[in-house]
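Student: I have a model open on my screen and would like to go through it with you. Could we take it piece by piece?

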Amino acid sequence: MTSLFKKFLPLEKTHAELVADSGVDPFHIVVERVLSATEAIINGRQMIMAGTNNYLGLTFDPECVAAACEAASKEGTGTTGSRMANGSYAAHVALENELAAFYQCPAAIVFSTGYIANLAILSTLTGPRDVILLDADCHASIYDGIRLGSAEVIRFHHNNPADLEKRLKRLGDRATHSLVVVEGIYSMLGDRAPLREIVDVKRRYGASLLVDEAHSLGVLGQNGRGLAEEFGVEGDVDFITGTFSKSLGSIGGFCVSRWPELENVRYAMRPYIFTASSSPSLIASTRKALQLLYRGSGLRKKLWDNATQLYQGLAAMGFNLGPEISPVIAVRLPASVGETTAIWNQLLSRGIYVNLVLPPATPGGGPLLRCSLSAAHDQGQIDAILDAFSEIRDQLHLHA
Amino acid sequence: MQRKEDILEQVYVLVRPYAKEPIELGEKTGLVDEMGLDSVKVMELMTEIEDHFDISIPLNILPRVHTLGDFAEQLQRLLNSADS
């Protein structure tokens with residue numbers, strides 16, 4: 001073994017202990033066959049998929065599938081080039097125009113993934129004289145983006161506008177050269193940013209604001225634009241980033257801005273320049289999904305009905321959940337990592353797939369069973385998820 | 001002017017609960033190697049230290065912090081620039 005691998009030995013040990021404690025290897029789950037937006041075969045068994053971020057269930061929408069097939073057939077399987085070279089097809093530009101119109105913004109840029117969108121924007125928009133103030137629970141793509149950049153970086157306590165204000169105040173005149181970064185819905189616990197209060201603080205100190213709407217696009221707001229629309233503060237949000245890989249059911253990312261000067265940033269973003277652009281089929285299905293999302297208040301209502309039913313059902317059973325009803329429902333069990341992994345495996349054997357999230361990736365440190373709901377889940381599936389959790393409740397002797 | 005020795009004494013008190021096993025803390029004690037802190041624990045510790053000293057600690061200092069002594073030096077710089 002080359003010495004380069006030595007530093008990973010503790011990971012190997014932790015992994016082996018987890019498998020020994022729980023009797024299952026949670027990091028090698030293979031989806032053997034996908035059956036629909038909410039069902040798949042895993043370990044030879046049919047599962048209800050309740051951990052996919054497929055909020056509107058559009059991955060199997062006939063119009064999206066047809067658009068993807070037609071684009072692949074007409075334009076090929078890949079662009080084989082960067083957006084800055086041969087990889088900007090008419091459809092990429094059309095999608096940017098459609099996103100700009102959807103958000104009523106003058107500028108939009110499309111990236112190859114949501115991760116790359118945050119990596120590109122956060123590493124490039126701010127420079128050595130600027131300061132980024134980020135919510136402590138922000139996603140890894142945000143942390144990685146700022147790490148790639150040169151700005152000074154300060155964290156504030158999660159969802160705490162008073163702490164943000166304290167830190168902006170300490171900056172003095174530099175506050176006007178700062179970018180506050182929050183998320184619409186946080187991916188682990190499903191809680192929302194207190195965006196009205198954050199906007200109030202950022203206005204008073206002259207800071208800029210970026211909201212990552214990855215989990216809130218298509219989920220919040222009358223037109224599905226996310227938390228900024230839901231709270232009526234879009235005019236005060238300077239940048240919105242997001243992904244196509246959740247509500248829009250494909251792969252890709254974007255940034256929109258109320259500032260037309262965003263267009264100048266395009267030419268400076270290395271993660272935008274030095275990667276191949278999205279394939280024609282992905283762009284085509286995303287464009288179709290965006291149309292459906294725009295028209296799709298019925299899908300949002302169904303999603304929230306499902307989320308409310310599952311959240312309230314689990315809360316009534318006595319489970320410790322995230323702080324508010326959301327399509328992301330995190331269940332924190334009074335159990336160790338090994339025990340939680342074994343329980344997660346028990347859910348699998350009952351035909352229910354949820355995300356097992358282990359520390360250090362979780363807020364607060366303990367393991368989580370993270371469910372995410374879809375508009376495509378039907379009543380029978382919600383009942384089956386609740387039944388499976390009910391068995392766990394009895395086993396753990398939880399009380400309502 | 002804050003003295004590094006005084007800051008170190010406060011740092012010892014704040015970091016002691018984070019040590020995986022009881023160890024003797026000194027200026028050369030490594031946060032990762034000897035105390036066994038992972039990245040998330042380092043973040044939690046930073047937050048606690050920020051609240052204790054009432055300062056913001058930029059994440060950018062982390063690559064320069066290996067030992068408790070390094071940490072105290074960075075804190076001294078931040079505290080003294082906040083005072084000036």
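Tutor: What follows is a walk through a predicted model, taking the chains, then the sheets, then the helix pairs.

Student: How many helices and strands does chain A have?

Tutor: Chain A has 14 helices and 15 strands. Its radius of gyration is 21 Å, close to the 21 Å that the globule rule gives for 400 residues, so chain A is as compact as a globular protein of that length. Along the principal axes, the C-alpha atoms of chain A fill a box of roughly 55 × 55 × 55 Å.

Student: And what is chain B built from?

Tutor: Chain B has three helices and zero strands, so that from the N terminus on its elements run α-α-α. The radius of gyration of chain B is 12 Å, close to the 12 Å from the globule rule for 84 residues, and therefore chain B is as compact as a globular protein of that length. The box filled by the C-alpha atoms of chain B is roughly 40 × 25 × 20 Å along the principal axes.

Student: How many residues of chain B are in contact with chain A?

Tutor: Seven residues of chain B are in contact with seven residues of chain A. On the chain B side, the touching residues divide into three nonpolar, three polar and one charged.

Student: Let's switch to the sheets. What is the strand order in the one that holds strand 13 of chain A?

Tutor: That is an open sheet of four strands in chain A with the order 1-2-3-13 and mixed pairing. Its edge strands are strand 1 (31–34) and strand 13 (352–353) of chain A, each of which pairs on one side only.

Student: Which pairs run parallel and which antiparallel?

Tutor: Strand 1 and strand 2 (residues 39–42) of chain A pair in the antiparallel sense over three bridges, with R33(A) opposite I41(A) in strand 2. Strand 2 and strand 3 of chain A are also antiparallel, over four bridges, and here A40(A) stands opposite M47(A) in strand 3. Strand 3 (residues 45–49) and strand 13 of chain A, by contrast, pair in the parallel sense over two bridges, and I48(A) stands opposite I352(A) in strand 13.

Student: What joins those antiparallel neighbours along the chain?

Tutor: A hairpin joins strand 1 of chain A to strand 2 of chain A through four residues. Strand 2 and strand 3 of chain A form a hairpin with two residues between them, and N43(A) in that turn has a positive phi of about 50°.

Student: What about the sheet with strand 15 of chain A, what order does it have?

Tutor: This open sheet of four strands in chain A has the order 11-12-15-14, with antiparallel pairing. Strand 11 (320–321) and strand 14 (355–357) of chain A are the edge strands, each pairing on one side only. Four bridges join strand 12 (residues 328–332) of chain A to strand 15 (residues 368–372) of chain A, and the bridge partner of V328(A) in strand 15 is S372(A).

Student: Which helix packs on that sheet?

Tutor: Helix 12 (residues 297–317) of chain A does, touching strand 11, strand 12 and strand 15 of chain A. The direction of helix 12 makes about 15° with that of strand 12 of chain A.

Student: Now helices against helices. How do helix 2 and helix 11 of chain A cross?

Tutor: The axes of helix 2 (residues 62–75) and helix 11 (residues 280–295) of chain A come within 7 Å and cross at roughly 150°, which means that helix 2 of chain A is roughly antiparallel to helix 11 of chain A. The crossing is right-handed. Among the contact residues are A67(A) and A71(A) of helix 2 of chain A and A284(A) and L292(A) of helix 11 of chain A. The residues of this contact divide into ten nonpolar, two polar and five charged.

Student: And helix 6 with helix 7 of chain A, at what angle do they pack?

Tutor: Helix 6 (residues 161–171) and helix 7 (residues 195–205) of chain A pack at an angle of about 15°, with their axes 9 Å apart, so helix 6 of chain A is roughly parallel to helix 7 of chain A. Their crossing is right-handed. The contact is made by P161(A), L164(A), E165(A) and L168(A) of helix 6 of chain A and by E197(A), I198(A), V201(A) and Y205(A) of helix 7 of chain A. These residues divide into six nonpolar, no polar and two charged.

Key
Residues are numbered from 1 along each chain as its sequence is written. Chains are lettered from A and ligands numbered from 1 in the order in which they are written. This is a predicted model: local features need pLDDT of at least 70, side-chain atom pairs count only at pLDDT 80 or more; totals for chains, interfaces and linings use all residues. Axes are lines fitted to C-alpha atoms, for helices over the stretch in contact, and angles run from 0 to 180 degrees between N-to-C directions. Angles under 35 degrees count as roughly parallel, over 145 as roughly antiparallel, 65 to 115 as roughly perpendicular and the rest as oblique. A crossing is left-handed if the near helix is turned anticlockwise from the far one by less than a right angle, and right-handed if clockwise. Two residues are in contact if their C-beta atoms, placed from the backbone, lie within 7 Å. Ala, Val, Leu, Ile, Met, Phe, Trp, Tyr, Cys and Pro count as nonpolar, Asp, Glu, Lys and Arg as charged, and the others, Gly among them, as polar. Two strands pair if DSSP finds at least two bridges between them. The radius of gyration is taken over C-alpha atoms; the globule rule is 2.2 Å times the number of residues to the power 0.38.
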